[in-house]
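Hi everyone, thanks for coming. Today I'd like to walk you through one structure, a few residues at a time. Please have the picture open while I talk.

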Amino acid sequence: MIMPWLHAVTPECESLLECVQIASDIHPYVDAIHVRQKQWTARRIWNAVEQYREAGIPQHKLIVNDRVDVAAAANLRGVQLAYHSLPPYAVRAAFPQLQMGVSVHDEREARQAERQGADYVIYGHVFSTASKPGREPKGEEGLKRCRQALAIPIVAIGGISCDNIGQVIAAGASGVAVMSGIWHDERPALSARRYRESLMEAVHGPSMLRS
């Protein structure tokens, strides 16, 4: 198994300054920071990316959600596509340099994303989460079915905590994506570090942390 991934997904930022500060604090512990602002224009997202970079966030850790144009123009690591985004095969053909993730909700969508050129999928929501009120979680069994259907990595999202990371790794995830568990914590950097430690322990066992 590859080293487990920890993706931090930005909430809908009311204060970009606050989001940039949190990103600056947590980036040593995470593998990717998703700039996910659904209501923002391309220009506003571009300006945000510039502020993240000026704050010292490594360019290779920045992923823009949906806006392929911004990701490519800013020479970022990659883009995360949703159901309303450009189709993966079109993005792959036009921007082969971008790492491409696709958000999926079942194994059918996951298989389609893989066929169309996705490098990985983000699958969820696995557990109950306040961001998806009233919607039934997919659970570990759904994650297992998705794992059996794919060859590419799966990043689990939705209700992920340090207590259940072991369950999603055991079910076949190659990593996790977290929003509120990091961004809304009183001490985001400490939370990100704990998620990282929990991931490493889930994959390599407690001895990894003592070595």
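Which residue in β6 does G101 stand opposite? The residue opposite G101 is Y120. One thing to say before we go on: this is a predicted model, so please hear everything today as computed from that model.

Let's find our way around. G101 belongs to strand β5, which covers residues 99–104. β5 and β6 run parallel, and four bridges join them. Is G101 buried or exposed? G101 has a relative accessibility of 0%, and a residue under 20% is called buried, so G101 counts as buried.

What does G101 touch, if we skip its neighbours within four places in sequence? Its contacts are V79, Q80, L81 and Y120. And for a sense of distance, take L76: G101 and L76 are 25 residues apart in sequence, with 13 Å between their C-alpha atoms.

Now let's look at β6 itself. All five of its five residues are buried, so this strand is largely enclosed by the rest of the structure. You can check that on both faces: Y120, I122 and G124 are buried on one side, while V121 and Y123 are buried on the other.

Two of those β6 residues turn up again when we visit H34. That histidine is in strand β2, residues 32–35. With a relative accessibility of 1%, H34 counts as buried. Leaving out neighbours within four places in sequence, H34 is in contact with a list of residues that includes Y120 and I122. H7, A8, V9 and T10 are also among the contacts of H34, and so are I63, N65 and Q80.

Let's stay with Y120 a little longer, and talk about aromatic rings. How many aromatic pairs does the count come to? The count comes to one aromatic pair. The partners are W5 and Y120, arranged edge-to-face, with 5.5 Å from centre to centre and 80 degrees between the planes. This pair links distant parts of the chain: W5 is in strand β1, residues 5–9, and Y120 is in strand β6, residues 120–124, which puts them 115 residues apart. Both W5 and Y120 are buried.

Next topic: charges. Side chains of opposite charge can pair when their charged atoms come close. How many salt bridges does the structure hold? There are eight salt bridges, and I'll show you some of them.

Start with D119 and R92, where the closest N and O atoms are 2.8 Å apart. This salt bridge also connects distant parts of the chain: D119 sits in the loop between α5 and β6, R92 sits in helix α4, and 27 residues separate them. D119 is partly exposed, at a relative accessible area of 32%. R92 is partly exposed too, at 22%.

Another salt bridge joins R108 and E109, at 4.0 Å from N to O. R108 counts as partly exposed at 49% relative accessibility, and E109 counts as partly exposed at 24%.

One more salt bridge: R193 and E197 meet at 3.8 Å, N to O. Why are R193 and E197 separated by about one helical turn? It is because they are four residues apart in helix α9, residues 188–204. Here is the general idea: an α-helix has 3.6 residues a turn, so residues three or four places apart point the same way. R193 is partly exposed at 38% relative accessibility, and E197 is partly exposed at 34%.

While we're in α9, let's check its length. At 1.5 Å a residue, its 17 residues should span 24 Å, and the end C-alpha atoms are 24 Å apart, which agrees. Several residues of α9 are buried, among them P188, L190, Y195 and M200. Just after the helix, G205 takes a positive phi of about 90 degrees.

Last stop: the cysteines. A disulfide is a covalent bond between the sulfur atoms of two cysteines. How many disulfides does the count come to? Here the count comes to zero. Two cysteines to look at are C146 and C162: C146 is buried, with a relative accessible area of 0%, whereas C162 is partly exposed at 30%.

That's my tour. Thanks for listening, and I'm happy to go back to any part of the picture.

Methods: Residues are numbered from 1 along each chain as its sequence is written. This is a predicted model: local features need pLDDT of at least 70, side-chain atom pairs count only at pLDDT 80 or more; totals for chains, interfaces and linings use all residues. Side-chain values use heavy atoms; hydrogens and water are left out. Rings of Phe, Tyr and Trp (its six-membered ring) pair if their centres lie within 6.5 Å; planes under 30 degrees apart count as stacked, over 60 as edge-to-face and the rest as tilted. Helices (H or I, at least four residues) and strands (E, at least two) are DSSP runs, numbered from the N terminus. Buried means under 20% relative accessible area, exposed over 50%, partly exposed in between (1.4 Å probe, protein chains only). A salt bridge is a side-chain nitrogen of Lys or Arg within 4 Å of a carboxyl oxygen of Asp or Glu. The expected span of a helix is 1.5 Å times one less than its number of residues. A disulfide is a pair of cysteine sulfur atoms within 2.5 Å. Contact means heavy atoms within 4.5 Å. Two strands pair if DSSP finds at least two bridges between them.
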